[in-house]
Amino acid sequence: MTTKILPGPKGPGLLVKFSTWIGPLPFRQVALLLGVLLVFWFFSANTLQNMQKANLAPGFGFLFQQANFEIGESVVAYQAGDSYGRALLAGLANTGRVALLGCILATVLGVFLGIARLAGNPLLAALIRGYVEILRGTPLLLQLFLWTGLFQSLPAPRNAITVLDLAFLSNRGVFVPSLAIEGFSAIIWLPVLAAVVAATIFGARRLFKGKSFYVTKSAALVTLAVGVTFAILSLLGHPPVVETPERGGFNIRGGWSLTPEFAALLTGLTINASAIISEIVRSGIQSVKSGQWEAARALGLKPGQIMRLVVLPQALRVITPLMTSNYLDLTKNSSLAVAIGFPDIVSVANTTANTTGQVIESITLIMLLYLSINLAVSALMNIYNRKIALKGALSR
Amino acid sequence: MTMLSLQVPPNAVPVKRWKLLSAHPANTAITLLLVALLVWFGLPILRWALLDAVWWGTADDCAAEAAGACWAFVAVKLRFILFAFYPPDLQWRPALAVAATLLLLIVTAQPRFWGRHLVAVWLATLAAAWLLVSGTVIGPPISTNQWGGLPITLFVSIAGLGFAFPIAVVMALARQSRMRIVRSLAVGYIEILRGVPMIVVLYVAMLIVPMALPAGALVDKLLRAQIGITLFASAYLAEIIRAGLQALPAGQTDAASALGLTYWQTARLVILPQALRAVIPAIVNLSVGILLNTSLLAVIGIYDLLNAAKASATDPQWLGYYTEAYILAAAIYFAISFSASRYSLWLERYLRASDQH
């Protein structure tokens, strides 16, 4: 006897598919959406009317107009007379610079403090605890105000405080040694940057695979890349030189100079975030059950190996998502620059809004910018989390 | 801003604390180094803050050679830092309102007073405080432009959290909903507000809202800022509440529908009470975050505690004693947030203990 396969129903129709997609109460949902759109329409209609009254043309055409304000400092060349678009780009570069440096420095300091707090010296632990409590218990803006005050009350360049004659602290800014390559423009940094990015991606890939924690190998790779680049440059007759700042006349010359505003913002953000990172690192390490330590010890692993091969890979599962949201917080917090006179993207957009009257466009630009950073990072994080999650944990 | 709350697990291995100070040569070295650092950094600070400080007197005393901190400035300017431009002869009003609120906060902190009547008491107190400070009933009326200092910081935070609560509950439930459009709207709302810095939210409230309103309609600046802070806080609160909802076992909803409860009855009587109870410590931490975040009002020119402290040092007679003013403000912020964080740790233990009965 053979079973005959009867032609069954073709599967759910379009309407059924749509109704399962939209869920229960479709008509009320559509009504809600229409209500929300109506509210938006009401506000936009008002806005357009008000803009018309103020003789403002909506749109982003103002980005190409001439901006007549100065920006104190920027990595992207900008001067009064350039377009607003360029001014915003300069602000964006400033935000990027302070956020990137802040994240790196805060991580280094935070990881150090987090581990130091677990090192078993009660005095050290108590001091770090006080540091964390104070920084978490006071507003960041207040800390930034205090740092700004501190950097402004430093002595004049003539009597600048110096650290081993290498770095100078003065009210005109902080001067630290920099690396320069003679006879070449900034373009020479591109291969170095490429090497560093490649090494970072390589390291990140290993982390993404959730295999192990190869800090030392990644660091060695970066060092090697930088070293090879420098060796090639030296062979070509352009050896890299360390340029140290020097006192000269009324100011300090040479080296890498940070304006007091930038220094205050960077210090404030770094110190504030380091307190939170130290807590993240500590709780991450403590979340690894003590049985893991004991088992690793029973296998005869050395303390360094236990940390690197057993504890850190597991702790990273807890640490990484928290760390990411902390980096995002730091980036968002850099918007407080507007209060202490550092020209970040929010500050430049604010000035643009005030001078052109294109308030909505300017604020929309910064919102879109921050939202896209957030979305990009959280999308990456989701991929990462799926890779390293315990396999049983997700399929509930 | 940092709205992150960390649940720190207790130390896994108890250590005999003071023995370690000299247990190992390296440890001894670290201890000695730290003591040296403390002396090196601490002594000048101690001299500045206590030994050389000017406690009483005039600006001339503070300007004297080798004088340390000018606490005399703080003594003179304390009124301004706490109440900013509020008329001095009517200052008892915000003072009374703050005192009543702080008292109510202490009462609220004790779980045995938790209940529906407490919400009513809060609403009544806040309404009374608003009437008192604005001078609606007992004149003369004081416009919000003249409000400032600690009352602003305190009331904007409390009202921000209070008004954010219903929004957050609705958004958290909507985000869990099976209805696609409802869910997408909630996700959009939460992610947009969590994705942008709070300053941007305040700028929207300051600059865009007046343009989006019909011509001639004016909303008070403080109220606009309050709305901005409320919406900002509600997005973070919604995520906390969602965490609480996710922690509930699915059996609770099933049991409720087996009893024939409707969706809203289930939410109100079964799901929310348990979910909220689980996240109360996180909510306390969030309120600290909101309190610290209200300091951003200074950026848009509202005289909250931080801005009043900043402005107090611009008096030509007492010019430039910023550090002292900031230290006072920092001490007030710290006192509130430190006690709140201790309280949240205690509450966590308390709730866990009472769960086991």
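Here is a short back-and-forth about a predicted model with a chain A and a chain B.

Student: Let's start with chain B alone: how many helices and strands does chain B have?

Tutor: Reading from the N terminus, the elements of chain B run α-α-α-α-α-α-α-α-α-α-α-α-α. Along the principal axes, the C-alpha trace of chain B spans about 80 × 70 × 35 Å. The tally for chain B is 13 helices and zero strands.

Student: What percentage of the residues in chain B is buried?

Tutor: A residue goes into that group if its relative accessible area is under 20%. Chain B has 357 residues to sort this way. The buried part comes to 46%.

Student: And of the contacts in chain B with a separation of 6 or more, what share comes from residues 24 or more positions apart?

Tutor: Start from the contacts in chain B whose separation is 6 or more. Then keep those between residues 24 or more positions apart, and the share is 70%.

Student: On to the interface. What is the area buried between chain B and chain A?

Tutor: The size of an interface is often given as the accessible area lost when the parts come together. Here the contact takes 59 residues from chain B and 62 residues from chain A. Carbon and sulfur atoms give 73% of the buried area, which is about 5,600 Å².

Student: How many residue pairs are in polar contact between chain B and chain A, and which helix gives the most to chain B's side?

Tutor: The polar contacts come to 14 residue pairs, both partners at pLDDT 80 or more. On the side of chain B that touches chain A, the elements giving two or more residues are helices H1 (25-51), H7 (180-195), H8 (198-212), H12 (305-312) and H13 (322-355) of chain B. By class, that side has 43 nonpolar, nine polar and seven charged residues. The top contributor there, with ten residues, is H13(B).

Student: Which residues form the salt bridge across the interface of chain B and chain A?

Tutor: Side chains of opposite charge can pair when their charged atoms come close. The rule finds one salt bridge across this interface, and it runs from helix H4 (residues 122-137) of chain A to helix H13 of chain B. The closest N and O atoms are 3.0 Å apart, and the partners are Arg342(B) and Glu133(A).

Student: Is Arg342(B) buried or partly exposed?

Tutor: To count as buried, a residue has to be under 20% relative accessible area, and over 50% makes it exposed. Arg342(B) has 30% relative accessibility, so Arg342(B) counts as partly exposed.

Student: Which residues are linked with Arg282(A) in a network of salt bridges?

Tutor: Begin with one pair: the side chains of Arg282(A) and Glu279(A) meet in a salt bridge at 3.3 Å, N to O. Both lie in helix H8 (residues 260-286) of chain A, three residues apart, about one turn of the helix. Arg282(A) is buried at 10% relative accessibility, and Glu279(A) is buried at 7%. The network links Arg282(A) with Arg117(A), Arg136(A) and Glu279(A).

Student: How far apart in sequence are the parts tied together by Arg175(B) and Glu191(B)?

Tutor: These two form a salt bridge with closest N and O atoms 3.4 Å apart. Arg175(B) is buried at 15%, whereas Glu191(B) is partly exposed at 31%. Arg175(B) lies in helix H6 (residues 150-176) of chain B and Glu191(B) in helix H7 of chain B, so the parts they tie together are 16 residues apart.

Student: Why does the pair of Phe73(B) and Trp318(B) count as tilted?

Tutor: Phe73(B) sits in helix H3 (residues 71-83) of chain B and Trp318(B) in the loop between H12 and H13, so the pair ties together parts 245 residues apart in sequence. Phe73(B) is buried at 0% relative accessibility, and Trp318(B) is buried at 7%. Planes under 30 degrees apart would be stacked and over 60 edge-to-face. The ring centres are 6.0 Å apart and the planes at 50 degrees, so the pair is tilted.

Student: Last one: which residues does Ser362(A) touch, not counting residues up to four places away in sequence?

Tutor: Ser362(A) lies in helix H13 (residues 359-388) of chain A, and at 3% relative accessibility it counts as buried. One of the residues it touches, Phe62(A), belongs to an aromatic cluster with Phe60(A), Phe69(A), Tyr78(A) and Tyr84(A). The full list for Ser362(A) is Phe62(A), Ala349(A), Thr352(A) and Ala353(A).

Key:
Residues numbered from 1 in each chain as written. Chains lettered and ligands numbered in written order. Heavy atoms only, no water. Contact = heavy atoms within 4.5 Å. Buried area = accessible area lost by both parts, 1.4 Å probe. Salt bridge = Lys/Arg side-chain N within 4 Å of Asp/Glu carboxyl O. Polar contact = N/O pair within 3.5 Å; in protein donor to acceptor, adjacent residues only side chain to side chain. Helix = DSSP H or I, 4+ residues; strand = E, 2+ residues; numbered from the N terminus. Nonpolar A, V, L, I, M, F, W, Y, C, P; charged D, E, K, R; others polar. Buried < 20%, exposed > 50% of the residue type's maximum accessible area, 1.4 Å probe, protein only. Phe/Tyr/Trp six-rings, centres within 6.5 Å; stacked < 30°, edge-to-face > 60°.
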